[in-house]
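Biologist: Got a minute? I'd like to go through this structure with you.
Modeller: Sure, let's pull it up.

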There are 2 protein chains.
Amino acid sequence: MSFTGQYSISLDSSGRLKFPSNILQDFLSFASGEVVIYFLSEGCLAVYPLEIWSKMREEELGNLKIVPQSIVARRRLRRGALTQNEKISKQGRITIPQQFRKMCKIYDTESVMMIGSEIGIEIWSEESWERELAIILEHDSEKSQNEMNQDLYSENHTQTMGGS
Amino acid sequence: MSFTGQYSISLDSSGRLKFPSNILQDFLSFASGEVVIYFLSEGCLAVYPLEIWSKMREEELGNLKIVPQSIVARRRLRRGALTQNEKISKQGRITIPQQFRKMCKIYDTESVMMIGSEIGIEIWSEESWERELAIILEHDSEKSQNEMNQDLYSENHTQTMGGS
DNA sequence: GTCTAAGATGGAATATTTTGGAAAATATCG
DNA sequence: CGATATTTTCCAAAATATTCCATCTTAGAC
């Protein structure tokens, strides 16, 4: 599987970060060596290979009609502000644009968390990641509780096997 | 994707601003090198390549019946007042006309936000953009929250991937 | 009409940031 | 422990942003 694991990585004084070598290989296994960075409302940055991102975007836009006279459409377009192409340098680095760093509350020369998300990676401040992890685990156990409760009243046991 | 990212740019003493190089390239990829500036009721300026703007306008007017007896039609046409052509200079600059600056509460020698919106850019005062961004992100988070709540009771994990 | 002042425009000089590369430091492995 | 790979820091060159200045245009006063 690609893009796994979590790493603590430090930004250099101009806001660049270097990919760990296995993550770098995962990215370079795509032809372009370009990535798309975008800001998620969870307060982190998603970094996907251009190819993956394009596919995701196509699926999303399939339904959507762009009519700039509509406020919803204009706000949809404004997400362009939260998106940026970057090229992975020869040294395996990318620059995280200033504004993006600010939005995620990550600062130059600090360490950030790089989180493998199977089809790409995410970048979190250490603090935000801690919070996110707590939410994920909390959600999981709540869900498990629900499942157990339902089972109390079910007659047969043909559940699907889930996993996290 | 074109016209992405957000930038803090300062106006010079005569109300001109210079495009960042990637934005400039996006504009110059259209033949004319001309842009149309117009004021949006959100309190910002939209700056689109002439070609994009023309197309949008055609579509919009296609639906509008021009009947000068109609106040709606007349008011629609008066938006011409809020619209202006500009040519991108050899140095990659445009002048924001005085009246427009006033309406957006942006002032000479101050910094403004330049916001990529995929088919063009928008110009906001730093303060207004902060507010707008908060609205966009808040809306997003609310949507995410709903999705998570639904997941608590769903059995399988076939969600679609959203993104910006 | 001519003169003056205000503003607009184009160009260039300066200051700042970004970029690519390499050196130093650190970690990893045999 | 030494050798290798990786990470981090640092520096110089390039690119870019910002400021400044000279010129041109316009509008208004006389």
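Modeller: We'll take the chain first, then the contacts between chains, then the DNA.

Modeller: One thing up front: this is a predicted model.

Biologist: How many helices and strands are in chain A?

Modeller: Chain A has five helices and eight strands. From the N terminus, the order is β-β-α-β-β-α-α-β-β-α-β-β-α.

Biologist: What box do the C-alpha atoms of chain A fill?

Modeller: Roughly 60 × 45 × 30 Å, along the principal axes.

Biologist: And what share of chain A is buried?

Modeller: Of its 164 residues, 26% count as buried. Take contacts in chain A between residues at least 6 apart in sequence: 63% of them join residues at least 24 apart.

Biologist: Pick one residue. Where is A:Met103?

Modeller: A:Met103 sits in helix H4 of chain A, residues 98-104.

Biologist: Why does A:Met103 count as partly exposed?

Modeller: Because A:Met103 has 18 C-beta neighbours inside 10 Å. A residue needs 20 or more to be buried, and 12 or fewer to be exposed.

Biologist: How far is A:Met103 from A:Asn149?

Modeller: In sequence, 46 residues. In space, 40 Å from C-alpha to C-alpha.

Biologist: New topic. How many residues of chain A are in contact with chain B?

Modeller: 25 residues of chain A, and they meet 27 residues of chain B. On the chain A side, helices H2, H3 and H5 and strand S5 each supply at least two residues. H5(A) gives the largest share, four residues. By class, that side has eight nonpolar, eleven polar and six charged residues.

Biologist: Do the copies meet through the same surfaces or different ones?

Modeller: Different ones, because only 12% of the interface residues of chain A are also interface residues in chain B. To superpose chain A on chain B, you rotate by 21° and shift 4.4 Å along the axis. The RMSD is then 1.4 Å.

Biologist: Now the DNA. Which residues are around strand C?

Modeller: Chain A gives A:Ser14, A:Ser89, A:Lys90, A:Gln91, A:Thr95 and A:Gln98. Chain B gives B:Ser14, B:Ser89, B:Lys90, B:Gln91, B:Thr95 and B:Gln98. By class, the surface near strand C has ten polar residues, two charged and no nonpolar.

Biologist: How many residues surround DNA strand D, and which are the closest?

Modeller: 14 residues surround strand D. The closest are A:Asp12, A:Pro20, B:Asp12, B:Pro20 and B:Ser21. Strand S1 of chain A and strand S1 of chain B each give two or more residues to that surface.

Biologist: What classes make up the surface near strand D?

Modeller: Four nonpolar, six polar and four charged residues.

Technical notes. Residues are numbered from 1 along each chain as its sequence is written. Chains are lettered from A and ligands numbered from 1 in the order in which they are written. This is a predicted model: local features need pLDDT of at least 70, side-chain atom pairs count only at pLDDT 80 or more; totals for chains, interfaces and linings use all residues. A residue is near a molecule or strand if its C-beta atom, placed from the backbone, lies within 6 Å of it. Ala, Val, Leu, Ile, Met, Phe, Trp, Tyr, Cys and Pro count as nonpolar, Asp, Glu, Lys and Arg as charged, and the others, Gly among them, as polar. Two residues are in contact if their C-beta atoms, placed from the backbone, lie within 7 Å. Copies are superposed by least squares on the C-alpha atoms of residues with pLDDT of at least 70 in both.
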